[in-house]
Amino acid sequence: APFGPAYDNSARRKTLVQAIKSKKVLPLSEFIGLRAPPNADGDRENAYAQAWGLFHYLYNERPADLVAFAERFKAQPITDDFENRFRRVFIETFGPIEQVEQAYRKHVLAM
């Protein structure tokens with residue numbers, strides 16, 4: 001079966017849709033910049049699905065911005081302030097987190 005960010009991952013999508021409907025996903029404002037997934041099994045699975053959904057959306061709907069984000073972020077100095085730096089560059093590149101969150105959820109739910 002085809003594999004990669006251009007393709008649907010039905011297992012991740014189903015997990016994410018269920019997590020969205022049951023309100024078990026982290027708000028994107030908290031999710032952005034996480035260094036590790038949550039410890040609880042269900043939360044971890046939801047976080048992996050959320051990461052897949054966000055990346056799938058960005059890769060397929062905003063590829064130029066995704067490349068720009070990677071370029072901008074790698075140019076940042078290495079500091080202990082990873083989460084804040086990641087969040088700042090994310091917002092500067094993609095726009096307000098709330099708008100990105102609505103768009104990626106809509107993208108996933110429409111698949």
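Which elements cover the buried residues of α4? In this predicted model, the cover over the buried residues of α4 includes α3 and α5. The buried residues in question are Leu66, Phe69 and Phe73. They cover an arc of only 60° around the axis, which puts them on the same side of α4. On the other side of the helix, Ala64 and Val67 are exposed. The helix itself has twelve residues, which should span 16 Å at 1.5 Å a residue, and its end C-alpha atoms are 17 Å apart, in agreement with that expectation.

A similar reading can be made for α5. This helix has 13 residues and reaches 18 Å from its first C-alpha to its last, close to the 18 Å expected at 1.5 Å a residue. Buried in α5 are Phe82, Arg85, Phe86, Val89, Phe90, Thr93 and Phe94. Seen down the axis of α5, these buried residues fall within an arc of 135°, so they line one face of the helix. A general rule is helpful to keep in mind here: an α-helix has 3.6 residues a turn, so residues three or four places apart point the same way. The cover over the buried residues of α5 includes α3, α4 and α6. After α5 comes Gly95, which has a positive phi near 100°.

Two residues of α5 deserve a closer look. Val89 lies in helix α5 and is buried, with a relative accessible area of 0%. Neighbours within four places in sequence aside, Val89 is in contact with Phe69, Arg72, Phe73 and Gln76. Of these partners, Phe69 and Phe73 also belong to the buried residues of α4. Val89 and Leu34 are 55 residues apart in sequence, and their C-alpha atoms are 14 Å apart in space. Phe90, for its part, touches Ile32, Leu54, Leu58, Phe69, Gly95, Ile97 and Val100, again without counting residues up to four places away in sequence.

Phe90 also leads into the wider interior of the model. The largest nonpolar core has 25 residues, and Leu28, Leu54 and Phe90 are those with the most contacts inside it. The elements that give two or more residues to this core are α1 (10-21), α2 (28-31), α3 (41-61), α4 (63-74), α5 (82-94) and α6 (97-110). As a general background, nonpolar side chains tend to be buried together in soluble globular proteins.

The helix α6 has 14 residues and reaches 20 Å from its first C-alpha to its last, close to the 20 Å expected at 1.5 Å a residue. Its buried residues are Ile97, Val100, Glu101, Tyr104, His107 and Val108. Seen down the axis of α6, they fall within an arc of 130°, so they line one face of the helix. The face turned away from this buried side carries the exposed residues Glu98, Gln99, Gln102, Lys106 and Ala110. As for partners, the buried residues of α6 pack against α1, α2, α3 and α5. Ile97 and Val100, both on the list of buried residues in α6, are among the residues that Phe90 touches.

Attention can now turn to the largest pocket, which has a volume of about 390 Å³. This pocket is lined by 19 residues, of which Phe31, Leu34, Ala51, Leu54 and Phe86 lie nearest its centre. The elements that give two or more residues to the lining are α3, α4 and α5. The largest share, six residues, comes from α3. Leu54 thus appears again: besides its place near the centre of the pocket, it is one of the residues with the most contacts inside the largest nonpolar core.

The loops offer a contrast to these interior positions. Lys23 sits in the loop between α1 and α2 and has a positive phi of about 60° although it is not a glycine. At 74% relative accessibility, Lys23 counts as exposed, since the cut-off for that class is over 50%. Asn39 is found in the loop between α2 and α3 and is likewise exposed, with a relative accessible area of 68%. Asn39 and Glu71 are 32 residues apart in sequence and 30 Å apart in space, C-alpha to C-alpha.

Methods
Residues numbered from 1 in each chain as written. Predicted model: local features only at pLDDT ≥ 70, side-chain atom pairs only at ≥ 80, totals over all residues. Heavy atoms only, no water. Core = buried A, V, L, I, M, F, W, Y, C linked by side-chain atoms within 4.5 Å. Buried < 20%, exposed > 50% of the residue type's maximum accessible area, 1.4 Å probe, protein only. Helix = DSSP H or I, 4+ residues; strand = E, 2+ residues; numbered from the N terminus. Contact = heavy atoms within 4.5 Å. Expected span 1.5 Å × (residues − 1). Arc of directions from axis to C-beta. 1 Å grid on protein atoms, 1.4 Å probe; cavity = no way out; pocket = protein on both sides within 12 Å on 5 of 7 lines; lining within 4 Å. Points joined across faces, edges and corners; volume = space filled by probe spheres on them.
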